[in-house]
Amino acid sequence: MQPVISIAGLTKTYASGHQALKAVDLDIQKGEIFALLGPNGAGKTTLISIVCGLVTPSSGTVQVAGHDILGDYRQARTLIGLVPQELNTDAFEAVWDTVAFSRGLFGRPKNPAFIEKVLKDLSLWDKRHTKIKELSGGMKRRVMIAKALAHEPEVLFLDEPTAGVDVELRRDMWALVRQLRESGVTVILTTHYIEEAEEMADRIGVISKGELILVEEKTRLMEKLGKKQLTLNLSEPMSAIPPELAEWDLALKADGNELEYVFDGKAERTGIPSLLRRLSDLGIAFKDLNTRQSSLEDIFVSLVTERKGG
């Protein structure tokens with residue numbers, strides 16, 4: 001099946017000499033939610049801006065549903081909706097007018113019923129006659145999404161969609177994104193809110209210093225890289241880890257009251273039974289123990305840190 005977005009050998013070097021993207025290859029399938037994670041300045045917005053035709057690449061190709069973004073710009077751009085980070089809506093227009101105008105910009109025939117549905121989905125229907133300058137920041141963000149959806153795009157880009165928005169809007173947006181996916185829209189979001197990717201994405205790409213360092217299905221990524229952590233709450237605080245426990249690579253936490261052991265949850269032998277036996281032999285008692293699976297955040301931080309060190 002042909003990917004809806006196909007990126008090959010994409011680079012971008014700005015006039016200043018800064019290389020924002022380094023030979024990015026990426027295919028995105030129709031109907032998937034793809035999260036692009038990376039620290040600020042990693043190249044996320046540059047990548048989105050090139051696909052959306054706002055920035056010219058230095059080299060490489062990008063196709064949207066088979067249309068080259070340079071050779072067939074108009075057709076490619078019509079298939080894309082973009083919700084940028086910045087709120088740049090026309091302050092004096094009413095909500096309905098600005099959303100309907102966005103639809104017309106892409107040459108779509110008038111369709112009041114569709115505009116009504118979009119506004120209702122985004123809890124904007126009651127505000128349809130309100131001037132944008134009178135809306136709160138969260139409501140303005142909803143208007144930006146409505147504008148991006150007005151021409152019924154096949155691909156929707158959300159650049160840091162929930163940066164600085166309230167929890168209620170974040171939940172609404174997550175629900176909307178799932179609904180869009182069910183209707184066949186492909187959603188690509190950049191975020192540095194790890195829980196956003198963990199909550200919604202089918203696949204995750206991690207970008208660091210302009211390089212796509214990993215693309216993986218979310219569940220597989222968390223299985224492959226996810227470690228488990230065993231925490232033992234000691235009965236008596238410990239000032240140092242005895243040398244007899246060296247083989248388990250333990251860490252002393254919480255002012256010596258906790259012993260932490262990180263292990264591979266998928267490994268045949270976790271080393272936990274032998275650790276507990278050794279603690280018993282040494283007379284080290286504990287009141288409680290618990291384990292937790294590492295989150296996507298732990299994985300992300302370790303990936304980017306490794307890359308910085310490399």
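Good morning. The chain in this predicted model contains 10 helices and 14 strands; these are DSSP runs numbered from the N terminus, with H or I over at least four residues for a helix and E over at least two for a strand. Residues are numbered from 1 along each chain as its sequence is written. Local features need pLDDT of at least 70, side-chain atom pairs count only at pLDDT 80 or more, totals for chains, interfaces and linings use all residues, and side-chain values rest on heavy atoms, without hydrogens and water.

Along its principal axes, the C-alpha trace spans about 80 × 45 × 40 Å. Of the 310 residues, 45% count as buried, where buried means under 20% relative accessible area, exposed over 50%, and partly exposed in between, with a 1.4 Å probe and protein chains only.

I turn now to the aromatic rings. How many aromatic pairs does a search of the whole structure find? The search finds 1. W96 and W125 form this pair, with 6.2 Å centre to centre and 70° between the planes, which is edge-to-face. Rings of Phe, Tyr and Trp (its six-membered ring) pair if their centres lie within 6.5 Å; planes under 30 degrees apart are stacked, over 60 edge-to-face, and the rest tilted. Because W96 belongs to helix α3 and W125 to the loop between α4 and α5, the pair ties together parts 29 residues apart in sequence. W96 is partly exposed at 23% relative accessibility, and W125 is partly exposed at 21%.

W125 has a further partner: the charged end of R128 sits over its ring, 3.9 Å from the centre. This requires NZ of Lys or CZ of Arg within 6 Å of the ring centre and within 35 degrees of the ring normal. Likewise, K12 lies over the face of Y14, 5.0 Å from the ring centre.
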